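Colleague: Thanks for making time today. Could you take me through this model, one question after another?

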Amino acid sequence: MSDIAERSLHTRAARSVEALRRSFFDNLYYITGRSLQTATPGNLYTALAYTVRDRLLERFINTADHYRTSKAKTVCYFSAEFLLGPHLGNNILNLGLWDNLTEAMHEMGLDMETILQQEQEPGLGNGGLGRLAACYMDSLATLEIPAIGYGIRYEFGLFNQVIKEGWQIEVTDAWLRDGNPWELPNRERRYPVRLGGHTEAYTDEQDRPRVRWVSGNTVYGVAFDTPILGYGVVNVNLLRLWKSEARDAFDYQAFNSGDYYGAVDDMVIAENLTKVLYPNDEPEVGKELRLKQQYFFVSCSLQDMVRITLRDFGDLTHFSDKFVAQLNDTHPSIAVPELMRLLVDEHGINWEQAWEITHSSFAYTNHTLLSEALETWSLDLFQRILPRHLEIIYTINQRFLDEVRTRFIGDEQRLSRMSLIAEGQVRRVRMAHLAAVGCYAINGVAALHTDLLQTTVMRDFHELWPEKFSNKTNGVTPRRFIVLANRPLAKLIDKTIANDWLRNLESLHQLEPYAEHAGFRAHWRKVKLTAKRHLSDYISQTMGLSVDPASLFDIQAKRFHEYKRQHLSLLHIISLYIRLKNSPNLEITPRTFIFSGKAAPGYYMAKLIIKLIHSVAEIVNHDPQVNRTIKVVFLPNFNVQNAQRIYPAADLSEQISTAGKEASGTGNMKFSMNGALTIGTLDGANVEIRDAVGEENFFLFGLNAAQVQEQLNNGYQPWQLVKNDPELHHALELIDSGLFSHGDRQLFAPLTGNLRGQDPYLVCADYRAYLDCQDRVSIQYQDTEQWARMSILNVARIGRFSSDRAIREYCEEIWKVLPVSIGKNK
């Protein structure tokens with residue numbers, strides 16, 4: 001490198017207040033073409049983003065060079081979602097530039113917090129699955145583990161949620177409208193992805209029988225690279241997302257002949273593949289697009305990994321020495337037959353050796369016990385889109401079932417249960433079974449979930465290969481969900497205990513003695529009140545609704561699904577409303593009930609629950625007899641940015657899913673990290689959180705998983721519970737009366753009828769225990785000193801739920817990878 005280049009690099013990476021101020025002015029001028037006087041808020045964001053990116057890229061390049069020369073074993077995290085959240089604040093924090101940049105902005109008369117709010121959140125995920133992937137990428141970099149995240153660069157995210165007359169309306173999430181300063185287009189990494197067509201048998205020059213896939217059409221995947229920086233280290237890992245495109249964007253011959261639309265047909269068809277996150281897969285074309293998306297990103301990623309292996313080792317026998325790939329749920333499980341195809345068909349490796357490489361390279365995380373979420377694809381669709389892969393799956397299945405036959409002689413029912421192909425009127429490929437057979441490790445994401453996985457949906461596989469199974473309880477990154485979300489709390493912790501807690505979250509246990517210090521409890525309450533005021537101001541500004549920060553903030557923020565039971569919380573609100581109307585002088589702890597979350601576009605019942613929340617809010621919030629005691633808020637468009645407002649403000653975290661249905665949950669961890677107390681069932685990670693924080697600091701109610709199953713097995717009759725509980729009966733009757741629907745008695749009938757008739761998620765069974773537990777919450781909240789103690793202890797004992805701990809467990813017990821240090825943060 002020349003002296004001039006070295007000086008330029010040093011200037012662009014300098015970290016002093018003056019250097020940062022100069023860089024900001026340079027980027028404002030040369031990137032946006034604006035002066036400070038004419039810059040828009042968006043221009044200021046862009047200038048600050050490029051100022052930070054300059055300092056990030058030096059580390060990114062150095063890390064890539066070091067990983068390449070060391071031939072380090074690399075974790076590849078395959079996920080259909082990466083719900084990253086805003087990049088700018090996270091990168092400022094991880095670079096250690098917060099104070100200097102704040103001062104630099106202040107010197108120019110700018111407020112950094114205001115600039116941070118300008119960032120358009122990347123719309124690359126739906127909820128917990130994508131957010132977990134983002135947390136794990138953060139921890140992999142922080143722990144100095146070489147890693148690549150592979151996924152899809154969706155042009156449009158899930159959707160932006162708009163509420164009209166109480167109904168959820170889905171609006172296009174054009175997150176790339178103003179560009180994305182954090183991604184680096186990498187056209188040198190462009191791979192063909194074949195679709196459709198047919199296969200042909202042939203004999204190669206060595207007289208070996210081979211199969212050729214003659215595709216119907218080919219699209220291309222182009223890499224877009226995002227650096228992922230660790231905290232307190234110099235390591236920067238890679239998130240590589242694939243965008244689809246045609247071989248040629250424009251057919252000049254078609255245009256010349258007057259076919260103007262045909263000239264761009266190939267481009268439009270190809271680019272549709274990565275146009276939107278999770279297309280509606282109710283119609284057949286939606287299912288087809290979903291399968292194509294999954295195969296597209298897996299194929300591009302594996303071709304990339306093959307290239308790197310050949311570059312570093314010269315042959316593919318070292319593939320599993322170079323890489324271990326973690327499949328984040330069933331979406332990427334098509335990777336198993338795709339790697340087999342690449343090894344056998346494209347690189348001439350025999351089946352046995354290819355299977356050994358493939359089976360040694362993949363591990364699978366199961367995220368659900370719900371049958372509808374365990375993906376299957378019809379054989380007709382698979383044959384039409386991926387004919388060669390279906391042949392490979394047939395061969396894998398034949399060899400697998402032969403193994404099962406020798407282990408369980410004469411057990412034909414077991415063979416049927418375990419087959420990769422589900423028989424029936426429509427034969428289907430079972431993707432979870434494919435992952436179980438093709439991966440060397442299978443893990444659940446909470447102790448209860450893993451136990452249920454091994455004893456229910458994957459019982460047969462556990463009996464065959466018990467050594468494959470383990471538990472890796474989920475975790476979340478404290479960098480985003482404490483420091484970025486709740487800076488006052490982070491500062492209080494910094495002042496109180498050793499400052500290594502962000503890299504060793506279990507050191508938060510040092511806070512425990514302070515729960516008995518009256519002065520510390522007073523500071524703690526002040527921090528919580530600050531967060532509640534911040535959220536109250538946001539609600540007032542965006543919704544025009546006034547809420548009392550001194551009231552108990554009772555919050556349920558998560559994806560809407562019947563098993564998550566937002567309607568159970570709603571029945572509690574309606575019951576409180578009835579109590580207050582019947583007894584105007586009744587003393588009830590003032591509460592603000594806050595809901596936030598999205599429903600899948602085709603999930604009518606979940607959208608009806610959202611509508612009922614708004615309808616109840618309309619009545620409650622405008623009734624002067626009750627609205628000083630209870631308020632109901634629905635905060636629309638739940639995403640990472642809104643989550644960072646919500647988690648710090650919660651007094652009570654609602655984790656009330658039906659026991660045995662939630663795999664883990666991570667919102668429960670984020671709320672607890674910010675000092676909320678949990679009301680919850682023994683479901684998912686709630687079990688472990690309660691064990692960690694102490695049962696006396698957790699509001700437990702409801703049936704456990706075994707009791708839920710017993711109720712269902714014994715012929716559950718919810719109408720009897722409704723009949724025998726006057727409050728529950730009255731709440732459902734009030735909904736049916738039309739009070740919350742302007743006299744329309746049929747609007748919510750599908751919901752109330754379902755609760756009385758089937759109630760598949762046992763809302764009625766847990767209703768009474770839930771209300772009784774909520775009464776205990778109200779009494780406890782009135783004891784402000786004891787509530788503060790419980791809040792402090794929740795934070796002090798939540799350390800094991802850091803994503804750093806989870807990643808260490810994956811590294812040590814599944815991936816067998818070691819850190820590769822580039823150096824420590826300056």
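Colleague: Let's start with a helix. How many residues of helix H4 (residues 88-95) are buried?

Modeller: Happy to, and please keep in mind that this is a predicted model. Helix H4 is mostly covered. Its buried residues include Leu88, Ile92 and Leu95, and also Asn90, Asn91 and Asn94. The count of buried residues in H4 is 8 of 8.

Colleague: What covers the buried residues of H4?

Modeller: The cover includes several helices and a strand. Among them are helix H3 (41-70), helix H5 (98-107), helix H6 (112-116) and helix H7 (128-142). Helix H20 (478-484) belongs to the cover too, and the strand in it is E8 (217-229).

Colleague: Which residue just after H4 takes a positive phi?

Modeller: Look just past the end of the helix, where a phi of about 75° turns up. The residue with that positive phi is glycine 96.

Colleague: Now the interior. How many residues does the largest nonpolar core have?

Modeller: Some of its members stand out by having the most contacts inside the core: Phe78, Met105, Leu302, Phe382, Trp501 and Trp815. Tryptophan 501, with its neighbours within four places in sequence left aside, is in contact with residues including Ile482, Val483, Ile493 and Leu508. The largest nonpolar core has 264 residues.

Colleague: On to charges. In the salt bridge between arginine 208 and aspartate 204, which residue is buried?

Modeller: The closest N and O atoms of this pair are 2.8 Å apart. Arginine 208 has 32% relative accessibility, so it counts as partly exposed. At a relative accessible area of 6%, under the 20% cut-off, the buried partner is aspartate 204.

Colleague: And in the salt bridge of arginine 341 with glutamate 346, which residue is partly exposed?

Modeller: These side chains meet at 3.0 Å, N to O. Arginine 341 is buried, since its relative accessible area is 4%. With 40% relative accessibility, the partly exposed residue is glutamate 346.

Colleague: How many residues apart are arginine 800 and glutamate 688?

Modeller: They form a salt bridge whose closest N and O atoms are 3.5 Å apart. This pair links distant parts of the chain: arginine 800 is in the loop between helix H33 (784-796) and helix H34 (803-815), while glutamate 688 is in helix H27 (residues 686-693). Along the chain, the two are 112 residues apart.

Colleague: Let's finish with the sheets. Which are the edge strands of the open sheet of 9 strands?

Modeller: The order is E5-E8-E9-E2-E1-E10-E11-E15-E16, with mixed pairing. Each edge strand pairs on one side only, and the two are strand E5 (184-195) and strand E16 (469-471).

Colleague: What is the bridge partner of glycine 444 in E16?

Modeller: Strand E15 (residues 441-444) and E16 run parallel and are joined by 3 bridges. Within that pairing, the partner of glycine 444 is asparagine 471.

Colleague: Which helix lies across E5, E8 and strand E9 (236-245)?

Modeller: We can tell two helices apart by the strands they touch. H34 packs on the sheet against strands including E1 (74-78), E10 (323-328) and E15, and its direction makes about 115° with that of E10. The helix across E5, E8 and E9, running at about 95° to E9, is H3.

Technical notes
Residues numbered from 1 in each chain as written. Predicted model: local features only at pLDDT ≥ 70, side-chain atom pairs only at ≥ 80, totals over all residues. Heavy atoms only, no water. Core = buried A, V, L, I, M, F, W, Y, C linked by side-chain atoms within 4.5 Å. Buried < 20%, exposed > 50% of the residue type's maximum accessible area, 1.4 Å probe, protein only. Contact = heavy atoms within 4.5 Å. Helix = DSSP H or I, 4+ residues; strand = E, 2+ residues; numbered from the N terminus. Salt bridge = Lys/Arg side-chain N within 4 Å of Asp/Glu carboxyl O. Pairing = 2+ DSSP bridges. Axes fitted to C-alpha atoms, helices over the stretch in contact; angles between N-to-C directions.
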